[in-house]
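Welcome! Here is a short guided tour for anyone meeting this structure for the first time.

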Amino acid sequence: MTNRTRNNRTRSNRTRNTSNLYRLAFVCLTASLFIAGTSSILYSWGVWGHQHISHAAVFALPPEMRTFFYNHIDYITEESSVPDVRKYAMSDREEFARHFIDVEAFGDKPFETLPKTWKEAKAKYGSDTLQRKGILPWYLQEMQIKLTTAFKDRKKDAILFLASDMAHYIADAHMPLHTSLNHDGQLTDQRGIHAFWESRLPELFGSTYNFNVGQARYIEDITAESWRIIRESNATADTLLSVERTLKAKLTKEQIWQLDSNKNMKKNTFGQPMHTLEYAKGYHTALNGMVERQMRAAISVTASFWYTAWVNAGKPNITDLDSEATIKRSKPHLEEEIELWKQGKLFDFKSFNEF
Ligand SMILES: [Zn+2]
């Protein structure tokens, strides 16, 4: 048995229970998508992306936070996809708007006219409009307030739950199409590009990415930071789409899509069309590191939001929220994973693959 296997086996019962619940929820999600005959609706980083972003963020924390977060890294890793499960398997209508903002739906100069705070946004547009067009940047601000309170109260379950949820929404904010009206290329005849970019490409090439993003930083102004993320992400959406259009124009259907014997496009579990491996390689190369860049930015910002909440809460001692025995048991594995992370790598855990 390797150290890594031991590490997995010694993690808490709670984590194992969470894993089982998580797997059950994902089975329900898959079933519900089949029942609904739904395709192209898993608009979020795939499970692979969310889990690797959250997992890597733990190592960017200072030691005073890292021990506690590492003790619960399995929970944080797996819980990071649960907001999507709430959307689909739990049919939580309130959940949908938290994952995106259709920036272009707010007029010609949205970044000049969009209210920066939730209070102002609600007063200007009303809840119904915002539910339709998305509330992601304002929701990040709300989550930050809740996490800060959880740190102040030293409430272990609340810290872990909110930090994991927050990691999900921050990751979504770094997926350029989560900020765009053209969220699946439906306005430019590029349907399927959303899942292709955020699930298939990381699943194929993510293991070569550098996950060492340096240390978390203190964010002076969370409101300004949440809008900076959305603005930069939205500015990238055009490139993401135009690079694919250019590439597609040069190739035949057979070079782009995996086809069955009747020349119909093959589909994955969620009804997404499957691109050929060669096409995926070509697109990934033509993007010139965009997926890795957005993933690294999401890791860094996640750790920085967590760190800022903890600093603003007065830097409470969270290490002693766990027992001495738990800390002692995790320590050698933490040291081993820090060494890996320094080289840009992560412990090779298994994620649910969509393609
Ligand atoms: Zn999402």
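Two residues are in contact if their C-beta atoms, placed from the backbone, lie within 7 Å. With that in hand, look at helix α4, residues 63-71, whose buried residues are M65, F68, F69, Y70 and N71. The buried residues of α4 pack against four helices: α3 (47-59), α5 (73-79), α17 and α18 (324-342). Please keep in mind throughout that this is a predicted model.

**The overall picture**

The chain has 355 residues, and 39% of them count as buried. Its secondary structure comes to 18 helices and zero strands. How much of the contact in the chain, at a separation of 6 or more, comes from residues 24 or more positions apart? Such pairs account for 80% of those contacts.

**The core**

The largest nonpolar core holds 72 residues. Those with the most contacts inside this core are L61, L136, A163, M166, I170, I299 and W306. Which helix gives the most to the core? Helix α17, spanning residues 290-312, does, with 11 residues. For a view from one core residue, take I170: setting aside neighbours within four places in sequence, I170 is in contact with L140, A298, V301, T302 and F305.

**Two helices that cross**

Two packed helices are described by the angle between their axes and the distance between the axes. For helix α11 (residues 136-153) and α17, the axes come within 8 Å and cross at roughly 50 degrees. α11 and α17 are therefore oblique to each other, and their crossing is right-handed. On the α11 side the contact is made by Q144, L147, T148 and F151, while α17 brings F305, A309, W310 and N312. Sorted by class, the contact has five nonpolar residues, three polar ones and no charged residues.

**Four residues to visit**

The table shows where some individual residues sit and how many C-beta atoms surround each of them within 10 Å.

| Residue | C-beta neighbours within 10 Å | Class |
|---|---|---|
| D92 | 13 C-beta atoms | partly exposed |
| I256 | 21 C-beta atoms | buried |
| K263 | 9 C-beta atoms | exposed |
| N288 | 11 C-beta atoms | exposed |

Why does I256 count as buried? A residue is buried if 20 or more other C-beta atoms lie within 10 Å of its own, and I256 has 21, so I256 is buried. I256 lies in helix α15, residues 253-256. Not counting residues up to four places away in sequence, I256 touches K248, L251, H275, T276 and Y279. I256 and A280 are 24 residues apart in sequence, and their C-alpha atoms are 8.4 Å apart in space.

D92 is found in the loop between α6 (82-88) and α7 (93-96). Beyond residues up to four places away in sequence, D92 touches R86 and K87.

The last two stops concern the backbone. Most residues other than glycine have a negative phi. K263 is not a glycine, yet has a positive phi of about 70 degrees. K263 belongs to the loop between α15 and α16 (277-286). N288 is not a glycine either, and has a positive phi of about 55 degrees. Where is N288 placed? N288 lies in the loop between α16 and α17.

Methods: Residues are numbered from 1 along each chain as its sequence is written. This is a predicted model: local features need pLDDT of at least 70, side-chain atom pairs count only at pLDDT 80 or more; totals for chains, interfaces and linings use all residues. A nonpolar core is a set of buried Ala, Val, Leu, Ile, Met, Phe, Trp, Tyr and Cys residues joined through C-beta atoms within 7 Å. A residue is buried if 20 or more other C-beta atoms lie within 10 Å of its own, exposed if 12 or fewer, and partly exposed in between; C-beta atoms are placed from the backbone. Helices (H or I, at least four residues) and strands (E, at least two) are DSSP runs, numbered from the N terminus. Axes are lines fitted to C-alpha atoms, for helices over the stretch in contact, and angles run from 0 to 180 degrees between N-to-C directions. Angles under 35 degrees count as roughly parallel, over 145 as roughly antiparallel, 65 to 115 as roughly perpendicular and the rest as oblique. A crossing is left-handed if the near helix is turned anticlockwise from the far one by less than a right angle, and right-handed if clockwise. Ala, Val, Leu, Ile, Met, Phe, Trp, Tyr, Cys and Pro count as nonpolar, Asp, Glu, Lys and Arg as charged, and the others, Gly among them, as polar.
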